[in-house]
Amino acid sequence: MTEHSDIDHVSGRSTTGHEWDGIKELNTPLPRWWVITFYATILWAIGYWIVYPAWPLLWGHTTGVWNYSTRAEVATELANLQKVRGDKMVALGAAPLAEIAKDPALLALARASGKTVFGDNCAPCHGTGGAGAKGYPNLNDDEWLWGGSLDQIMQTIQFGARSGHPKTHESAMLAFGKEGVLKKDQIVTVANYVRSLSGLATSPGYDASAGAKIFADNCTSCHADKGKGNQELGAPDLTDKIWLYGPDEATLVETISNGRAGVMPAWVGRLDPSTIKALTVYVHSLGGGK
Amino acid sequence: MNKPVNPTELQLDDNGPLYVAQKKVYPQSVSGTFRRIKWGLMAFCLGVYYLLPFVRWNRGLGAPDQAVLVDLPNSRFYFFFIELWPQEVYYFTGLLIVAALTLFLMNAVGGRIWCGYLCPQTVWTDLFYAIERWVEGDRRERMRKNAAKGAMKLERFAEIVLKHSIWLMIAWWTGGAWVLYFNDAPTLVKQLITFQAPAIAYIWIGILTATTYVFAGWMREQVCVYMCPWPRIQAALTDEWALNVTYKYDRGEARTSLKKANELRALGEPVGDCIDCYQCVAVCPTGIDIRNGPQLDCIQCGLCIDACDTVMTKIGRETRLIGYDNDINIHRREAGKPPIYRIVRPRTITYAAMIAAVGAIMLYALLTRTLLDVNVLHDRNPVAVKLSDGSIRNAYTVRLLNKRGFDRVIAIDVDGPVNATLHVVGADSVTQDRPMVVLARDTTTELRILVTAPAESNPEKSIPVHFRVTDIGLGEVASATDHFVSP
């Protein structure tokens, strides 16, 4: 340590003893509390090395005496979560679907849980509130491709649509244009016929009887006689105000020419049964449930 | 350190360091008016703090019966007859405003009343000094013992251990009392004794034990001088009429001993009432000399007034050479005019009026506080749904708040689009087209309400929709307004 015996005459304070061309530096040490705090932080850091994972090694790292790991912490937290949820989710899993809505506590649990699960898994296609988008059904309305009862909704969530799962909804719309079943002008005619089913305007020069005939020959096997659709086959009702892809002529021509076969994954292996039940109740409660 | 702290050494010059090394203060015991006031206020403050958690208040079945309770897990604050929900945190804002204004008013009337008598730092430090005096003796004895050289005698060692043990016990109980405000006190005390209490309780007791012990036992006046912002703010808020603990230098100079004073008087020299006995310095808990005038380090506890009065009485001079006073009166007396005291003046009137106004607003808010409330949140995705028959439906998340301590049945009415139909997901029953819902006591119920308007009756893009909930039994009504939107 430097001896601070050298006193500066002007300020009356000691100097560090360093001198440059006759200029001396006043000794202004850091406050003691500051220095102590500084050393304390160093000691604290060393404590960290000992207790927590810290130093990288060639194949791995030091684990620390507490064996702390964020991954293990997540596992513990998840296990705790299961424990906390335990009874309630078990009760939800055991209750028949139709009974859940009658029990306010179960309904609230199912809706809250369903909402979270929906946000994590379904929102990318169906939107955060199930509003859907072109090609992705709106789950708030009363039109259902595969049925809107609790059981039907659960069936669809479990196995999806054209998902590859053995129990999935399979049928798809034929690409009438691409497969050469209908010619271009026939497609335009039947597209106009489909528009007329729900009272939309048709193009000038459109032949209604030809349209009806084409529809009867090609479409009624799935969409039913009057175009009312068939939920067994996922064939939508063509007479209502709701359109999955759009009601304008160009979109209809595209639909008929290339067919439609939207895909939804099966969730049966990915979500546990009580969660799927919660999700079913949530989707049903959005407003469109039958 | 055998001689009293020379106050001039504590004065900071502009070029000096910002921090002066702590000089140990050995306040002497004193008795008098202000000491009695301080004992009384200390007993009151500590009594309230330590005992309040044990006061019971009946709120009915199922509700906690602790008079003052911060129930963090259930997000409720209980204060006797008041129960607050988290969204009513503005009552605390109001309380803080009133507290600040009261501090300003106290300051305008009598300087640092808060610092001298009521601040926890003062109260606990005073208590710790009392313990120290009781164990180690008064000022001179403590100074002698502290300065003693050589090996420590067993007796002295025992004294130190005893003092710190008592300090730690008080500190521990201070931390213990704090956690009792956050849990049912008798239950928690039982758990603490049997080591069944949650870890967080022990952690908080540990933290507050440490802060109390360090602040009141070791740091003492350092907290006031270096850590606390109030002395700085106070200096900016004060005015010339505020009464501060003041040495009345109008009672003459020079300060000298009784004997010398008589000699000087005989020679016709000026002499003051102060006999330079340093008693005011000896009793000061921050170790300053009040005769140097108002200063930041002075917490204005009034103990120097008591010390000086004792001496003045003994030597037969007029008391209150040190007292609550201000510069205006010193100058008036010097000029031979009677002193004037203006407690009521624009500043104090303004503060009092502001306190009254904020207090009145808070009281009004508290008295008109709703115990049934409804909040409506319109669905954002989708904003509106077109149904297969062309009708339009909007969905709302409706939150119902039942702040009463019992369950009740409410009916829901919606006034919006013409001929609209209403569906409440999970409604308990529907009578006369009014959905009914049971609201559980002291909690929030969330419902999904669907409002559907026929295609032809809703031509506008957006129209207001009113939600009204009515308590069937009590007739209490709450309402909220949102919008019905067409795609």
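In which order do the 3 strands of the open sheet in chain B stand, and is their pairing parallel or antiparallel? The order is 1-2-3, and the pairing is antiparallel. Strands here are DSSP runs of E with at least two residues, helices are runs of H or I with at least four, and both are numbered from the N terminus; two strands pair if DSSP finds at least two bridges between them.

A word on the model comes next. It is predicted, so local features need pLDDT of at least 70 and side-chain atom pairs count only at pLDDT 80 or more, while totals for chains, interfaces and linings use all residues. Residues are numbered from 1 along each chain as its sequence is written, with chains lettered from A and ligands numbered from 1 in the order in which they are written.

Back to the sheet: strand 1 (68-71) and strand 3 (82-84) of chain B are at the edges with a single partner strand each, so one side of each has no neighbour in the sheet. Chain A has a strand pair too, and its strand 1 and strand 2 form a hairpin with 2 residues between them. In that turn, A:Asp21 has a positive phi of about 50 degrees. The two pairs look like this:

| Strand pair | Sense | Bridges |
|---|---|---|
| Strand 1 and strand 2 (76-79), chain B | antiparallel | 4 bridges |
| Strand 1 (15-20) and strand 2 (23-26), chain A | antiparallel | 3 bridges |

Within these pairs, B:Val70 has B:Phe77 as its bridge partner, and A:Trp20 stands opposite A:Ile23.

Now for the interior. The largest nonpolar core has 36 residues, with B:Cys280, B:Val283 and B:Ile322 among those with the most contacts inside it. Such a core is a set of buried Ala, Val, Leu, Ile, Met, Phe, Trp, Tyr and Cys residues joined through C-beta atoms within 7 Å, where buried means that 20 or more other C-beta atoms, placed from the backbone, lie within 10 Å of a residue's own. Helix 14 of chain B gives the largest share of this core, 6 residues. Beyond its neighbours within four places in sequence, B:Ile322 is in contact (C-beta atoms, placed from the backbone, within 7 Å) with residues including B:Val245, B:Cys280 and B:Cys308. A second, separate core of 24 residues includes B:Leu387 and B:Ile449.

Finally, the two chains meet in a contact that takes 17 residues from chain B and 19 residues from chain A. Strand 8 (392-402) and strand 13 (443-453) are among the elements of chain B that each supply at least two residues to its side.

How values were computed:
A residue is buried if 20 or more other C-beta atoms lie within 10 Å of its own, exposed if 12 or fewer, and partly exposed in between; C-beta atoms are placed from the backbone.
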